[in-house]
Amino acid sequence: MPQKLIRNAYESALATTAVLLSWSIALWLEGAAGLHTDSVVLAVVLTVTLARTQRTAAWRGRLTALVLLPAVAAVCALVGRLIAAHYWLGAAVFTAGISLAIWIRRYGPAATGAGTLITLPLVALLVVPGPTLPADARHALVNWAWSALIGVLAWSSVCLTQTLADRYGPRPAEADPARPRRASRLRPRPSTRMAVQMAAAVAASFALGRLLYGDHWPWLVLTAYVVASGNRGRTDVVRKGVERLVGACAGTLLATGVAAAGIGGHAAVAVLLAVLAVALWLRPLNYAYWAAGMTTALSLLLGYFGQDAASLLPTRLAAITVGAALSVSGAWWLLPVQERRPRRA
């Protein structure tokens with residue numbers, strides 16, 4: 001366990017370094033090009049998720065990410081505008097995209113990697129639902145170009161940090177060789193079942209989120225996605241739902257304490273990055289740590305943008321509960337996936 005904690009701390013430091021690099025450059029671009037503050041948040045979100053998915057990727061996979069991620073980020077800018085202008089149509093497009101990224105897993109590891117890259121900007125859209133440019137400069141093509149550039153920035157920050165770390169520091173631990181999978185006897189296939197479950201949970205979250213929580217619909221949709229993703233069976237989805245709820249409650253208490261201490265401005269950003277680093281460090285041990293860290297970080301972010309984060313926390317918890325319940329219901333009753341049990345030696 002001590003060795004694992006040390007290794008996790010090293011990987012967390014690498015990811016945090018990439019985030020700091022991406023955040024600094026995006027902050028400079030925001031002032032130099034007159035971008036919206038959401039562009040900085042988009043850079044951070046993409047960097048955090050990309051740092052984890054690309055850690056052990058070969059150069060071919062990284063170059064694929066360089067080509068695919070900016071293009072998808074630009075398309076997601078269009079989806080964000082579509083949701084803002086035509087909510088239900090945009091929700092349908094988002095649901096189709098997030099489900100497609102799961103369905104294509106049937107075509108092998110390359111398709112699975114592409115699906116992950118497609119998912120990253122869509123998840124970032126839930127954290128940053130606004131456009132990259134301010135209201136008086138939202139020309140579609142220009143906005144798409146800046147979104148694509150932010151994707152390149154996130155990729156470059158992660159690639160540079162990890163390449164230097166691999167050259168001058170310890171290399172990442174090699175993953176255990178994957179055992180050949182036997183053809184599943186389930187019909188429809190597990191990837192189809194998970195795609196259908198995801199589509200149902202996300203679509204219901206968009207509908208209930210709009211009706212019950214207004215502009216705070218992303219909290220419910222994000223929870224539904226997180227709980228339903230990587231479905232390993234009914235009990236796995238229930239476990240992740242409980243862990244996210246417990247983590248969110250812990251994050252609520254932490255964010256409330258920070259708000260009570262009167263921390264704001266650049267100090268709040270420093271605390272946010274520190275919380276993110278600790279969450280990355282402890283994530284491999286239990287998902288609840290990551291849920292708690294992300295809830296705290298998002299609450300600090302709301303406070304940084306001038307919103308009363310403390311008053312919104314009960315709404316956030318309620319939305320998380322509903323989103324988790326929707327994903328658990330889909331996993332149990334809609335084309336359930338067979339539990340994955342360890343093979344006997």
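Accessible areas here come from the Shrake-Rupley method with a 1.4 Å probe, and the model to which they apply is a predicted one.

**Figure 1. Overview of the predicted model, a protein with 12 helices and 0 strands.** From the N terminus on, the elements therefore follow one another as α-α-α-α-α-α-α-α-α-α-α-α, each run being assigned by DSSP. The protein exposes about 17,200 Å², of which carbon and sulfur atoms supply 66%. Of the 345 residues in the protein, 46% are buried. When contacts between residues at least 6 apart in sequence are considered, 78% of them join residues at least 24 apart.

**Figure 2. Helix α1, shown with the residue that comes after it.** This helix covers residues 2-33; it has 32 residues and reaches 46 Å from its first C-alpha to its last, which is close to the 46 Å expected at 1.5 Å a residue. The buried residues of α1 include N8, S12 and T16 as well as L14, A15, V19 and L29, and E30 is also among them. After the helix comes G34, whose phi is positive, near 70°.

**Figure 3. A nonpolar patch on the surface, formed by L21, I25, L160, L164 and Y168.** Together these residues have about 470 Å² of accessible area. The elements that give two or more residues to the patch are α1 and α6, the latter covering residues 140-168, and α6 gives the most, with 3 residues. I25, which has its place in helix α1, counts as partly exposed because its relative accessibility is 33%, a value between the limits of 20% and 50%.

**Figure 4. Surroundings of T161, a residue of helix α6.** T161 counts as buried because its relative accessibility is 10%, which is under the limit of 20%. Leaving aside its neighbours within four places in sequence, T161 is in contact with L14, T17, A18 and L21. Among these partners, L14 and A18 are buried residues of α1, whereas L21 belongs to the nonpolar patch on the surface.

**Figure 5. The largest nonpolar core, with 64 residues.** In soluble globular proteins, nonpolar side chains tend to be buried together. The residues with the most contacts inside this core are L46, F94 and F206, and its largest share, 10 residues, comes from helix α2, residues 38-53. Apart from it lies another core, of 5 residues, among them Y213, W219, L220 and L312. Leaving aside its neighbours within four places in sequence, F94 is in contact with V79, L122, L125, L126, V202, F206 and V221.

Terms used: Residues are numbered from 1 along each chain as its sequence is written. This is a predicted model: local features need pLDDT of at least 70, side-chain atom pairs count only at pLDDT 80 or more; totals for chains, interfaces and linings use all residues. Side-chain values use heavy atoms; hydrogens and water are left out. Patches are made of residues with over 30% relative accessible area and no salt bridge: like charges are joined within 9 Å, nonpolar side chains (Val, Leu, Ile, Met, Phe, Trp, Tyr) within 5 Å. A salt bridge is a side-chain nitrogen of Lys or Arg within 4 Å of a carboxyl oxygen of Asp or Glu. Helices (H or I, at least four residues) and strands (E, at least two) are DSSP runs, numbered from the N terminus. Buried means under 20% relative accessible area, exposed over 50%, partly exposed in between (1.4 Å probe, protein chains only). The expected span of a helix is 1.5 Å times one less than its number of residues. Contact means heavy atoms within 4.5 Å. A nonpolar core is a set of buried Ala, Val, Leu, Ile, Met, Phe, Trp, Tyr and Cys residues joined through side-chain atoms within 4.5 Å.
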